[in-house]
Amino acid sequence: MGAPRVTAQVTRRWVLVAAGTAVLVGAAAVTLPAAASAAPEDLRARILAGVPPHEGYAESTGRLGLPEIAALEQVTALLSGVTRLRVRYAGADSWRVDELTPAGERDTYRLAGREYVWDFGANQLTVVEGETPVRLPRPADLVPSELARRLVSLTRADPVAPIDARRVAGFDAAGFRVSPADPDTTVGRIDVWCDPTSGLPLRVEVAARGQDLPLLFTEFREVALTTPDITVPTAPPGAGSVTAQAADLAGALRQLDAAPPPPRLAGRDLVPWGGELPGVGVYGTGASGFVLVPASRGVADRVVDGAPAAGGTVVEVPVGRAAILTTPLLSVAARGGIRRGGVLVAGTVAPAVLEQALRELPGRRA
């Protein structure tokens, strides 16, 4: 298998939902009360400053109830079941996360600006050069420390309050709750428990607005504050090896001939996000933002056509055809029926927000 083929397959999946789903991961576990305490603002500030080196074992459970969508089977399993993770974290550019499965494992490494993925089942090592600004959620995003970092960064302007401490992985963990203030977000609360001494996040829960039971949670079962040694993986004899460029995603989007994202959609301004992907736009801030991603007509049409059977609804739009799929936390919309491409929109926002965005999108070279 050559690099172009691997890159094309990865690109089709990344373009389907994109970064809008990156905020989702977590769901429930038995706990013990603990005596730890710390000021919520102090805990948040420590997470934003960077998590300490650590290694351990974590489990994540998702109850999002994502509908079946072509090319999204792996994401559906990731956010609608139990994921077992072995974690080694030495720093932001030096870590390894192994997803443990009944068939073996799939290991992801980050070292010196490169990512390495060793797939035991496929007997293949994939090397990804460069940074990937838009992608689907992956197992490494479910690690408690990483999920906490992403969510706390996303909601840094929202109010926080203390919650009861609990015993997590042998630590007396102090907790705080983030309550997103924007009424348009589907996120009701984000609860984080940390080791009050090191600031390491140990457990994260995410619940939908108006619901008590968390739909997502991730928790360390075992963890140690040590600095692991992360080395570059090599393919064993007889295994396949391929190299892909993260920048190839931009090239694939250029082939869609997508128009620049509008400066404003659904009452939200286009915000800078540090990427230069053609047609991709991020709108709004905090937990009520959403992402616009151009897609081929074939991908968009498949989502629109399959939406009713998956529990979605058809939406009337000025140009083309559109549909919205929703869960208590995530909303995904698509517009197809356009000769030269379609769009996908996703975020932790109310379906009405995405419906408005679809209606405001201009026609794209029909």
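A salt bridge here is a side-chain nitrogen of Lys or Arg sitting within 4 Å of a carboxyl oxygen of Asp or Glu. In this predicted model, R203 and E205 make one such pair, with N and O 2.6 Å apart. Both R203 and E205 are buried. The pair isn't on its own, either: salt bridges that share partners tie R203 and E205 into one network with E59, R84, R166, R177, R189, D191, E219 and R221.

Across the whole structure, the search turns up 31 salt bridges. One of them links D172 to R167, with the closest N and O atoms 2.5 Å apart. Here D172 is partly exposed, at 35% relative accessibility, and R167 is partly exposed too, at 36%. Another salt bridge joins D141 and R150, whose closest N and O atoms lie 3.5 Å apart. This pair is a bit of a mix. D141 has just 2% relative accessibility, so it counts as buried, whereas R150, at 27%, is partly exposed.

Then there are the nonpolar residues. In soluble globular proteins, nonpolar side chains tend to be buried together. The largest nonpolar core in this model brings together 42 residues. Within that core, F176, V192, L202 and L329 are the ones with the most contacts. Apart from this core lies another, made up of 18 residues. Among the members of that other core are Y283, L292, A357 and L361.

Notes. Residues are numbered from 1 along each chain as its sequence is written. This is a predicted model: local features need pLDDT of at least 70, side-chain atom pairs count only at pLDDT 80 or more; totals for chains, interfaces and linings use all residues. Side-chain values use heavy atoms; hydrogens and water are left out. A nonpolar core is a set of buried Ala, Val, Leu, Ile, Met, Phe, Trp, Tyr and Cys residues joined through side-chain atoms within 4.5 Å. Buried means under 20% relative accessible area, exposed over 50%, partly exposed in between (1.4 Å probe, protein chains only).
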